[in-house]
Each structure stands twice: as C-alpha cells, then as structure tokens.
Amino acid sequence: MAEPALHRAEAAPISEIVSQVEALAPARRLADPQLVAAAARAWSTNTIRAFLSDLKIWDQWCRRRGLATARADAEAVASYLRALSGVEQDPRNPLKQRAPATIERYLVNIGWAYRMAGLDDPTAAPLVRLELKGLRKLLGTRQRQARGIRFKGEVSDLDDPATGICLAHLLKASRRDMLGARDRALLRVAYDSGCRRSELVAIVCDAVEGPDSDGSGTLFIASSKTDRERAGAIAYLSPATMQAIEEWKRAGAIAGGPLFRRVETYFDGSVRSVGEGPLHPNAITLIYRRLIRAAFEKKLLGTMSETELERWLAAVSSHSIRVGVAQDNFAAGESLPAIMQAYRWRDPKTVMRYGARLAAKSGASARLARRFQENR
C-alpha cells in the first residue's frame, strides 16, 4: 500500500534533522532519538528550514577553521559571534555581517542541536552570553522593517486622496487582463486579511465563503506562523475583495484548488496560461515590486524620482501590505489588542514597531513643526 502523502512529508524533515544532529552526537548515535523526532513534528516548516540552514553555516565555519564541530567549545562560539557581528574577521574565511536578531536565532538553533545530540551546550556559557550582550550594544537591536504599503499611502486622514505608493495606486496600475485580475485579487485579500506570504499562497478556493447579503465574505486561514496547533482563524473580506476574487476565478477558469496561481506570459507580455499549483512564497515580493514600477511608469506616484523609487523597491517585501494594514489601523484609532486579534499577532512589540513610523509623523513634534511652517 502506498505511503500516505502526509507521512512522506513528515518523514523528510525528520530524516534531515536526525542526520544533522547525528553528525554531532558521540559515535554518531543519538541519546534520545524520540526528542529529535518530536522536534521535527512540533516545529513549523520555517523553523525546520532555519534550523538546518543555521547548522550548516556553523558547521562550515568550524570546518574552515579546522575545528571539529562536535568538539566546539564556548570560546569557539564566542569567536563565531564576533565574526558574525563584524568585530573579528578572518580574511581567509570572511562572514557576512548579520543582524543581532539573526545571530540570536543562530545561537538558539546551535544550542538545540548540541542538547539533542546529548552534548554540553556551548552557547549557554557565560562567555557566550557576555559576547552576545556586547554585540547588542555594538550593533543595536533595532530590526530592519519592511516599508509599509498603506491603502492610501502616507496620509494623516484616511479620507484624504491617495498619494504615493499605496494599495489604491497599485490596483489602478494593474493590467486589464487575466494577470491583472489575479494581481487585484491578491492585493485586496492581502490587505483585508493581513495574511503573511505563506498564508496567501496556501489559500484554496473552498476557504473563501460568501458573498453574504451585503457582498462581503470570510476567509478561513487554516494555519499560520503563530498558529502551531492549526486551530485556524477567520478573516473578513470586503465586498470589493469578493468581487475581485470572483473576477479572477472567472478569468482564470478556476473552480477549485489553490486560489493564487502563476500566470504564464509570452515574451511580448501577453498571457499564455494559468498554472495549476499555488504561487511560490517568493513571488509575492516580486509581484508587489512589479506593480510599483507599473504605477511609476503610469505617472500615478506624483513627483517621485527614480532614486526614491529604487529606495522604495529595496525596502518593499512580502510583509509590506501587512505592515501597512497595521499602520492604517493605528491611523483609524483601533486599539492594540483589537489589531493583534484581527490580524493574528502574538507579540505587541512587533505591532508597535510597525506603528512607530506613523506615530513619528503624527506626534507632538510633527504637529509643532507643521504649525510653525504654516505661520511662516
């Protein structure tokens, strides 16, 4: 009998984690194989990917220094931290400087690997903790944030006309064909639901319910980064979004399966076909950037220069609309708990960080500066 697809999918990450941890274990034998298997089942796909990637980087660094990874001690880890932070670099084995948050994630995953292998955890030593504290002081702890794409742009009043790079202008810049129908549905669902890229590409047609009598609908989000137990969540979809979804399904002849799919085009840009599988998560950022360029070419972004456009494109990511949703909610006077509940955030610091830029532009210093400007 054929092995169930779910079991095959689970077996792959388990075997990869076992292989990595076994390489550290004495005599390549795990003291507690069930611990490794349980970790693979409990961790999300992104966590497993990061774990394997982080261990690979650590292992390569050790090998280039002629150090057996299994015998690495606290001094080696401290040296690794200095290399990652740019404080101490070996010209023969340079490392790209990492952000403090990334370095901390490396330490967590390295520590997990040693503990699962039945070895002493070198990342827990006081020397390593002090080095980490030192690099936080050196590099700071502020994380790079994606530029938010708000519905009407950087407006102080949500009733003001749209300005600059914003969802309204991206919708207007979209093509009037099948590709444009897909892009408009994607933009609107991303804004209404605040979905992360992994959640967007996982949407299936059956997850959308409606329209109701007022034209609105709902989206069932089966799982997400903050929903490890797969309890699921329900997001509101506006009448305009439901209409955009219907237009896309009709244009792409989509009756079921993945909602957002790749649209193949010819060299001249005309549409060739619609794929059967879901979009790749990496495609979301590329779609946003393509639409921003289209809006610029159609003169929808006002007096924006090429230089400013390139800065914007560099700061845009698949998270940009999610950031913009948070900023628009703050501008509308919604409370922090309400925003966190509606868009599935667990950490209030993250949401407050998204609102920091908006707060600076609408705070006391900004209001005072505008008053003096008006009185000149």
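Two strands count as paired when DSSP finds at least two bridges between them. Keep that in mind for the first stop, and remember throughout that you're looking at a predicted model.

**Stop 1: a hairpin**

Select residues 261-265 and 271-278. These are strands β4 and β5, which run antiparallel and are joined by 4 bridges. Now pick out V263 and look across to β5: its bridge partner there is V274. Next, follow the chain from one strand to the other. β4 and β5 make a hairpin with 5 residues between them. Click on G269 in that turn, and you'll find a positive phi of about 95 degrees.

**Zoom out for a moment**

Show the whole protein as a cartoon. How many helices and strands does the protein have? There are 16 helices and 5 strands. Of the 376 residues, 42% are buried. If you switch on a surface, the protein exposes about 20800 Å², with carbon and sulfur atoms supplying 52% of that. As for contacts with a separation of 6 or more, 59% of them are between residues 24 or more positions apart.

**Stop 2: the three-stranded sheet**

Select 208-209, 217-221 and 233-237. You've got an open sheet of 3 strands in the order β1-β2-β3, with antiparallel pairing. β1 and β3 stand at the edges with a single partner strand each, so one side of each has no neighbour in the sheet.

Start with the pairing of β1 and β2, which are joined by 2 bridges. E209 stands opposite T218 in β2. Then move over to β2 and β3, where 5 bridges do the joining. Here F220 stands opposite I234, and L219 has A235 as its bridge partner in β3.

Now turn on the side chains of β2. Which of them are buried? G217, L219 and I221 point to one face and are buried, while T218 and F220 point to the other face and are not.

**Stop 3: two long-range neighbours**

Stay around the sheet and select A233 together with A342. They are 109 residues apart in sequence, but their C-alpha atoms are 9.2 Å apart in space. A342 sits in helix α14, residues 336-343. With a relative accessible area of 32%, A342 is partly exposed.

For another pair, try S198 and S223. These two are 25 residues apart along the chain, and 9.4 Å separates their C-alpha atoms. You'll find S198 in helix α9, residues 197-201, and at 34% relative accessibility it counts as partly exposed.

**Stop 4: a helix with a buried face**

Go to residues 33-42, which make up helix α2. Colour V36, A37, A39 and A40: these are its buried residues. Look down the axis of α2 and you'll see them fall within an arc of 155 degrees, so they line one face of the helix. A bit of general background helps here: an α-helix has 3.6 residues a turn, so residues three or four places apart point the same way. Now spin the view to the other side of α2, where Q34, R41 and A42 are exposed.

**Stop 5: helix α4 and its surroundings**

Select residues 74-85. Helix α4 has 12 residues and reaches 17 Å from its first C-alpha to its last, close to the 16 Å expected. Is α4 largely enclosed or largely open? In α4, 10 of the 12 residues are buried, so the helix is largely enclosed by the rest of the structure. Among those buried residues are V77, Y80, L81 and L84.

What do the buried residues of α4 pack against? Show α3 (45-64), α5 (100-116) and α6 (126-139), and you have the packing partners. Step just past the end of α4 to G86, which takes a positive phi of about 85 degrees.

**Last stop: T69**

Back up to the loop between α3 and α4 and click on T69. Is T69 buried or exposed? T69 is buried, with a relative accessible area of 10%. Show its side chain along with that of D59: the two make a polar contact at 2.7 Å. Finally, add the other residues around T69. Leaving out residues up to four places away in sequence, T69 touches L24, W58, D59, C62 and Y114.

Notes:
Residues numbered from 1 in each chain as written. Predicted model: local features only at pLDDT ≥ 70, side-chain atom pairs only at ≥ 80, totals over all residues. Heavy atoms only, no water. Expected span 1.5 Å × (residues − 1). Buried < 20%, exposed > 50% of the residue type's maximum accessible area, 1.4 Å probe, protein only. Contact = heavy atoms within 4.5 Å. Areas by Shrake-Rupley, 256 points an atom, 1.4 Å probe, with all protein chains shown as cover. Polar contact = N/O pair within 3.5 Å; in protein donor to acceptor, adjacent residues only side chain to side chain. Arc of directions from axis to C-beta.
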